[in-house]
Amino acid sequence: MPPAPSRVPLIAGIVALSLALVCATAFAAVTLFSPAASSTGGSKVGGAAELKVTGTPARASLWSNGSSEVWRLNPAKIVARTDPDGGGNEGYAYAGRAQDLVAFTVNTSTASGTVLAVDGSTGERSWSAYSGEECGGMVGGSVLRCQGGRMGYYPTELVNMATGTSTETPSSQELGAGIPDGQEDVYGWSTFVINGELFASWLDEPSTDSGLNKLRVAKLADDGSAFVWTSDRPLAVFAGADGINSAGRINHGIVTGRWGALNAADGKVILDGTGSDQPATVQWVAQNVLQGGDQGTAPKQSTAPDGTQMSIIGVGGISVTTTALPKHPLRQTADGVAAFDPASGADSLSGPTLWSTRLGPTTSTDWTLDDGSNGGYLLAYHDGLIALARQPRDSRAGVVSMLAEDTGALLWQADVVVPAGGEERAVIVPTFTAEGELLVEATHTDSVSPVAAGTSELTMFKAENGDILWSRAGAVAGGELHALTSAPFAPEVESLDGIVVDNLDGAMTADTGSAEGTFSMLRPTSTSLTVPADAPACPSGMTAISWTQYADGAILLCRSDTGYSVVFPAHSDWRATELDFADGGYQVAFDSGTRVRVALGGQVVYTDLGGTVTAAQAVRSWNDVAGEVTVSVPSGLPVCPTGSWPISLSTYSGGWLLICGTSAGSPTSMRIGDGSAVSELGSVVYRNGGYCGSADGRTVCAYRSPAVVSVTDAGGTVTQHGAEWNYFDGHGQGGVGKGNGSYGVEAPDDNAKDQVRYLAQILQKSMAGRINLQSAVDKVRGCSDLEGALTSFNDVLANRQELLDALESTPVDAVPNGSELVASLRNALQLSHDSDEVWLQWAQSEQANGCAEGVSSPLYQQVRAMNENVAAAKDAFLAIWNSQIAPAYGAAEFKTSQI
């Protein structure tokens, strides 16, 4: 059984959250340079010694401090207030963005609508104008395409986003499409935009169900005045006029859509995707790879219009939801994904792989996973990182995994749960922001953004380590997952700052017949990243990235495009020879033989002078990721053993807990202080989002979020301490009530009501992953879809283990008898987990023997007997929860089946 994915795991080898280092007053600078990208050497500047640089400093994330709603507006109310004659009593839809303007559109009559543009920074009205009823797609990044209809004539208007002026393009008849006057609707005439270029599509005759129609695709001039080219595309199966046009993408001079792949300059056919039973499979799946060829032959080599050497592969590559594409295509395997190079002769389903990564079991045997359904994946790519969203199967729980592009190394995994009610069509869509963070939409539908309240949630993860930066209800405005996912899901999120969110609060009201709703602009929560005024200046052309001041010294680190500068005032005659960036800090080696290590994000400075190591606590700390940070190192903190340094520190009322190691994922020792004594614990491991050590029958654990120090004595009694402050390498600074805990639930404050709220929410969130347990049992009973049943049992086991792990860091110290309550729940869940393991063994046995035993199997009888104890244990927990905890703190009650 694969390990249960961790919600926010600590990742060894991920560069730390940053280094906060400092200064005192006037400094004599030691300046040494090295190219920022170099790991083996540098350049000599002004006679300075060569500086060897390894690793890279933490990347500053604009979203690290969360998101802020800079405006929220109802477009209908703005139009009604500013343009009384322009309607405005109907719900608006998002239309598009151009630089600092955001456009919304609405129907106000039978064949036209109103488009509204607001300032992207303030939400204030910029202009509004009549337009076509369907607006969407930016031509050249500055002109909004709008198309009217409903009265036989389908005009397309191009609206200048800067001024609001509209230009109507020639009709289909004037363009020479051959459609009889007034028959645009029955011929399926439509215009659309791909990568900023204007296209049109229509049928060669009125729509029929005969499947004999030909689809005609045309490229228009940017002003819509004429066809640049037209192309006839045969349709193997015609699904109606509404389905013939589709967004797509353009790469290397090739435009792709459900009608195939064409030369974007002249319309000549490069790949006809209509010859198979999956006409919507033509798409780019990697930088030089085109998907949609004949699956039965080896990959074919071709030259793209821009001269790029390209491989054409069969259907089966994983769909990509971002504009950016990975270097190599990925294919789904039985338990994960694999990358392959078509140039080696590998096709999309078999053959040699560059790497293969296990991500957990999947159920789909259909390799053409165009809509991400049936246990398939959707892929997002950015700058060497591959995010894979494993789609839910008849449940609400999916998994997002982050992989390194070159090696396939699994960096982190996180469960993502779709809001309740979306089990049948739940979809999890990954995309990257312009800043390189991962935004995930978990929604009820795979066609367009949902329109009902509570049907979609957004979560932003820190791409490097899986930390949840923020989450909220809503959907990406304009984000659309087409049945053909050759189109990027939300290209504006990838390229523009800020995110426009549909708040999904536009439910239809009977009194007005309106579906008015609101939209919001989210931007990163700002923090001051200005270097403190009393910090020394960096050398000319460089900027400070970290600054730390301690009792008897200070150190400053500066950076430019070409190298780094180290300022160490205590010995201006020393020259730095090595600069090593690592988890939580960095180390500088000087030509004198002395090494200085800055740890815990600038909180502690270690100096190794001729083998004698001393530790100094920072009195002030700043870095270019988090700004000025709080220093909370207790006095008298011991020095870590030789060869290690602090990787985590938690402080709480009356004590502290220090973990030492060589990297975030390699702890070596643990020390705990209670104000009067310091104890050392051995056998330190990282597990379940925290560090645990043991000695003399006692186990002590430190968890990041929720911020808890847990002490279990030899008799099994658990004592919890809320960590007022903590620091974990790779994640940074936190404390009670900060960040998100298991399943992305907001960490609780240090009071009973909020701790009960947290426990209730993780129980509610965890339900989604176990919803298909009974259906899996029924499948095995009926000897149908045993592969699907096995996957479901594995998923349930992983979910149950994740919930057990989550309870280890769940704070209940403020709840009367909280430890006993959680112990009762753990007992029930452990018995359930044991029962699930036997269910899995039964399913495996039935698969192996051809369903020879069924319910007569000894394993089936065993698990039925075990479930009697499971029910009794759950009832024991619920007797306390439903009668005492829920009514006392206003929490939800639970049923036995929900635990």
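Helices, as the word is used on this tour, are DSSP runs of H or I with at least four residues, while strands are runs of E with at least two, and both are numbered from the N terminus. The model is predicted, so to speak of local features a pLDDT of at least 70 is needed and side-chain atom pairs count only at pLDDT 80 or more, whereas totals for chains, interfaces and linings use all residues. Residues are numbered from 1 along each chain as its sequence is written, and side-chain values use heavy atoms, with hydrogens and water left out.

Begin with the whole chain in view, where there are eight helices and 56 strands. Of the 899 residues, 56% are buried, which here means under 20% relative accessible area with a 1.4 Å probe and protein chains only, as against over 50% for exposed and partly exposed in between.

Next, select residues 752-766, which form helix α4, together with residues 858-889, which form helix α8. Two packed helices are described by the angle between their axes and the distance between the axes. For α4 and α8 the angle is about 130 degrees and the axes are 11 Å apart, the axes being lines fitted to C-alpha atoms over the stretch in contact, with angles running from 0 to 180 degrees between N-to-C directions. The two helices are therefore oblique to each other, since angles under 35 degrees count as roughly parallel, over 145 as roughly antiparallel, 65 to 115 as roughly perpendicular and the rest as oblique.

Now show the side chains where these helices touch, contact meaning heavy atoms within 4.5 Å. From α4 come Ala752, Lys753, Val756, Leu759, Ala760 and Leu763, and they meet Phe877, Trp881, Ile885 and Tyr889 of α8. This set divides into nine nonpolar residues, no polar ones and one charged, where Ala, Val, Leu, Ile, Met, Phe, Trp, Tyr, Cys and Pro count as nonpolar, Asp, Glu, Lys and Arg as charged, and the others, Gly among them, as polar.

Keep α4 selected and add residues 786-808, helix α6, whose axis comes within 10 Å of that of α4 and crosses it at roughly 170 degrees. That angle makes α4 roughly antiparallel to α6. Here Leu759, Ile762, Leu763 and Ser766 of α4 make the contact with Asn799, Leu803, Ala806 and Leu807 of α6, a group of six nonpolar, two polar and no charged residues.

Finally, move to strand β5, residues 113-119, and pick out Thr114. Thr114 is buried, with a relative accessible area of 3%. Add Ala76, which is 38 residues from Thr114 in sequence and 9.8 Å from it in space, C-alpha to C-alpha.
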